[in-house]
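Could we go through the sheet and the cores of this structure together, one question at a time?

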Amino acid sequence: MAIIEVTGVSKTYHDAASDRVIRTLDKISLAAEENDFLILLGPSGCGKSTLLNIIAGLVPHDPDGGRVLVAGKPVTGPNPKLMAYVFQDPVLYPWRTVLKNVEFGLEAQDVEKAQRRERALKYLRLVGLEEFVDAYPRQLSGGMAQRVALCRALALETDIILMDEPFAALDEQSRILLGDELVLLWRQVRRTIVFVTHSLTEAVYLGQRIAVFTARPGRIKLDIANDLPRPRAIGGAEFNRMVDLVWQQLKVESQAASASGRVAARQEILLPKE
């Protein structure tokens, strides 16, 4: 049974600077099953993060008949008891310790103090940060800070975790290591993960399914099942074949996005000055 259902969803914005209407998403339809690990992959500006924000209830979709259902109910706004969100930046509170940062969402839900601590420590142990519970964000590396952000999301114990390029700012080694930990956690705690990335390697390494977007306005070009066995070996023959398969679908869209960007830039240069 699908826990997330997106049907015919579009999104348009009005760009006040250029007075243009920009269509970001065009009649997107997509579903995620329970315990799915769904990757949203596509060129810059294709609406991947916008779709994630619509699913999260952070932004509305166009009122033209499309719908978004989560756990069978229409999305009308954020629901932190059902969905946790991990951003590209860890967004940790500098005045709170690692433990208190992980507990933050639980405090907002009025979870009892002892239970908050128990749950936070549980996930910090899983990512090897139990020795840093009293540290502050300024004392952490980028990878450690992102681990804390992941623990904060996991501690909510929601059925769904939405992740918007959470490892993009990290070096390649840290991305792979955190990816390994994320897959291990996903297999242990059995959550539905929807993960936005620009990285082909990351998409194939992590995803159970890969939804490839077209250039803007974003549509789903192909939904690819990734049945490579785990643990996956980056650079192995089967891995490279899957990367090549995905790239063949993405290449044309990336070229189209680049061409569209060049045209838009030329139009802005030619706009009359006030």
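What follows is a short exchange about a predicted model.

Colleague: In which order do the strands of the open four-stranded sheet lie?

Modeller: Within this sheet, strand E1 (residues 2-15) is joined by four bridges to strand E4 (residues 67-70), the two running antiparallel, and Ile 4 stands opposite Val 70 in E4. E4 is in turn joined by two bridges to strand E5 (residues 73-74), again antiparallel. The edge strands, each pairing on one side only, are strand E2 (20-33) and E5. The order of the open sheet is therefore, given that two strands pair if DSSP finds at least two bridges between them, E2-E1-E4-E5.

Colleague: Which residue in the turn of the hairpin formed by E4 and E5 has a positive phi?

Modeller: On the two sides of this hairpin, Val 70 stands opposite Lys 73 in E5. Two residues lie between the strands, and the one in the turn with a positive phi, of about 55°, is Ala 71.

Colleague: What angle does the direction of helix H1 make with that of E1?

Modeller: Helix H1 (residues 48-56) packs on the sheet, where it touches E1, E2 and E4. Its direction and that of E1 make an angle of about 120°.

Colleague: Which helix gives the most residues to the largest nonpolar core?

Modeller: This core has 55 residues, of which Phe 37, Phe 195, Ile 210 and Val 246 touch the most other members. Leaving aside neighbours within four places in sequence, Val 246 is in contact with residues including Leu 41, Leu 200 and Ile 224. The largest contribution to the core, eight residues, comes from helix H4 (residues 142-155).

Notes: Residues are numbered from 1 along each chain as its sequence is written. This is a predicted model: local features need pLDDT of at least 70, side-chain atom pairs count only at pLDDT 80 or more; totals for chains, interfaces and linings use all residues. Side-chain values use heavy atoms; hydrogens and water are left out. A nonpolar core is a set of buried Ala, Val, Leu, Ile, Met, Phe, Trp, Tyr and Cys residues joined through side-chain atoms within 4.5 Å. Buried means under 20% relative accessible area, exposed over 50%, partly exposed in between (1.4 Å probe, protein chains only). Contact means heavy atoms within 4.5 Å. Axes are lines fitted to C-alpha atoms, for helices over the stretch in contact, and angles run from 0 to 180 degrees between N-to-C directions.
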